[in-house]
Amino acid sequence: MNLQLEDIYQWVDDHEITRQKKNLHRDFSDAVSLAEILKKHYPKLVELHNYAPRHALSRKIINWETLNKKVLNKLKINLSSAEQEQLARAVPGVIERLLHKIKLKVEKHEAALKNAENKEKTHRLEGMSPEECEEGKSILGRSDDNGGVDVSTVLDTEVKTEASNVKIIPSNIYDQTKADMAEKIDEIAHLRQKVEQMEKSLEVMDSRITGLTKQLHVMLNGEGDSVTSPRARLFNKIF
């Protein structure tokens, strides 16, 4: 692995951590400083209250075990027990290799986020109305004093257009609404199943009623076989 140590040190310096930076190996030996860096890039994965400053080796290892299980594994970076102990003992070179891996992960993650934002921006522009397109054309046709396009005006209008078209709702409301919709869909499916069962039951009842009605007509009109009809059987019992 080609470790560009100056880039790693500069990357660490770009982050604000509570511990004063003196010796990289000792500064990161209890995993607290790394947890603070990861919190900035993956705020939903890291809970800083799980990582208290430690001095004893055994407590430092516990911090590394927690960070490895709760965060690093989810980033597909798995530390062995030996590596965790080496980090806790501040063995030179171990933290640099780990920081290099994390730096590459973070850069890849940020590039993916930027790419997603650019795609979203493109989709919004493709969805502009004809009036907005004409407005954009008229703006692009304007020139500054030097004969060039007034880029600031274009950007300002683009931002205003996006802001006016986008409706932002809190994520918790969105998740709750989505859950409610799923629940309603399940209820509708259950009700439809009940309706189908009721319709089948009504068909059976209609068929039964029709059969009983025919039997009643036979009894009232004395139709059917004189031996087997209810009236004949009653007459035979009396006489």
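These are my notebook entries on a predicted model of one protein chain.

**Entry 1: the overall layout**

I began with the secondary structure. The protein chain has ten helices and zero strands. Read from the N terminus, the elements run α-α-α-α-α-α-α-α-α-α, which made for a quick entry. I then looked up burial for the whole chain: of its 239 residues, 23% count as buried.

**Entry 2: helix α4**

Next I picked out one helix to check its span. Helix α4 covers residues 57–70, which is 14 residues. From first C-alpha to last it reaches 20 Å, close to the 20 Å expected at 1.5 Å a residue. I also listed the buried residues of α4, and they are K60, I61, N63, W64, T66, L67 and N68.

**Entry 3: salt bridges**

How many salt bridges does a search of the whole structure find? I got three. A reminder to myself before going through them: side chains of opposite charge can pair when their charged atoms come close.

R19 and D30 make up one of the pairs, with their closest N and O atoms 2.8 Å apart. R19 sits in the loop between α1 (5–13) and α2 (24–27), while D30 sits in the loop between α2 and α3 (32–41), so this salt bridge ties together parts that are eleven residues apart in sequence. I checked burial on both sides. R19 counts as partly exposed because its relative accessibility is 25%. D30 has a relative accessible area of 1%, so D30 is buried.

E85 and R89 form another salt bridge, and here the closest N and O atoms are 3.0 Å apart. E85 is partly exposed at 33% relative accessibility. R89 has a relative accessible area of 51%, and since the cut-off for exposed is over 50%, R89 counts as exposed.

K103 pairs with E107, the closest N and O atoms being 2.7 Å apart. Both belong to helix α6 (residues 94–126), and because they are four residues apart there, about one helical turn separates them. The general picture helps here: an α-helix has 3.6 residues a turn, so residues three or four places apart point the same way. K103 counts as buried, with 15% relative accessibility, whereas E107 is partly exposed at 36%.

**Entry 4: positive phi**

I then went through the backbone angles with one rule of thumb in mind: most residues other than glycine have a negative phi. Two residues went into my notes.

A31 has a phi near 75°, a positive value in a residue other than glycine. A31 is in the loop between α2 and α3. Is A31 buried or exposed? I found A31 to be buried, because its relative accessibility is 0%.

K76 also went on the page, with a positive phi near 60° in a residue other than glycine. This residue belongs to the loop between α4 and α5 (81–88). K76 counts as exposed at 73% relative accessibility.

**Entry 5: surface patches**

On the surface I looked for clusters of charge and of nonpolar side chains. Which residues gather in a patch of negative charge? I noted E196, E199, E203 and D206. I followed up on E203, which lies in helix α9 (residues 171–221). E203 has 56% relative accessibility, so E203 counts as exposed.

There is a nonpolar patch too, formed by I169, I173 and Y174. Together these residues have about 310 Å² of accessible area. I169 is placed in the loop between α8 (151–165) and α9.

**Entry 6: two buried leucines**

I closed with two leucines and a C-alpha distance for each.

L24 is in helix α2 and counts as buried at 16% relative accessibility. I paired L24 with V12: they are twelve residues apart in sequence, and their C-alpha atoms are 9.4 Å apart in space.

L98 is in helix α6. With 4% relative accessibility, L98 counts as buried. What separation do the C-alpha atoms of L98 and I77 have? My note says 8.7 Å, for residues that are 21 apart along the chain.

Terms used: Residues are numbered from 1 along each chain as its sequence is written. This is a predicted model: local features need pLDDT of at least 70, side-chain atom pairs count only at pLDDT 80 or more; totals for chains, interfaces and linings use all residues. Side-chain values use heavy atoms; hydrogens and water are left out. Patches are made of residues with over 30% relative accessible area and no salt bridge: like charges are joined within 9 Å, nonpolar side chains (Val, Leu, Ile, Met, Phe, Trp, Tyr) within 5 Å. Accessible areas come from the Shrake-Rupley method with a 1.4 Å probe; for residues, only the protein chains shown count as cover. A salt bridge is a side-chain nitrogen of Lys or Arg within 4 Å of a carboxyl oxygen of Asp or Glu. Lys and Arg count as positive and Asp and Glu as negative; His and the chain ends are not counted. The place of a charge is taken as NZ of Lys, CZ of Arg, CG of Asp or CD of Glu. Buried means under 20% relative accessible area, exposed over 50%, partly exposed in between (1.4 Å probe, protein chains only). The expected span of a helix is 1.5 Å times one less than its number of residues.
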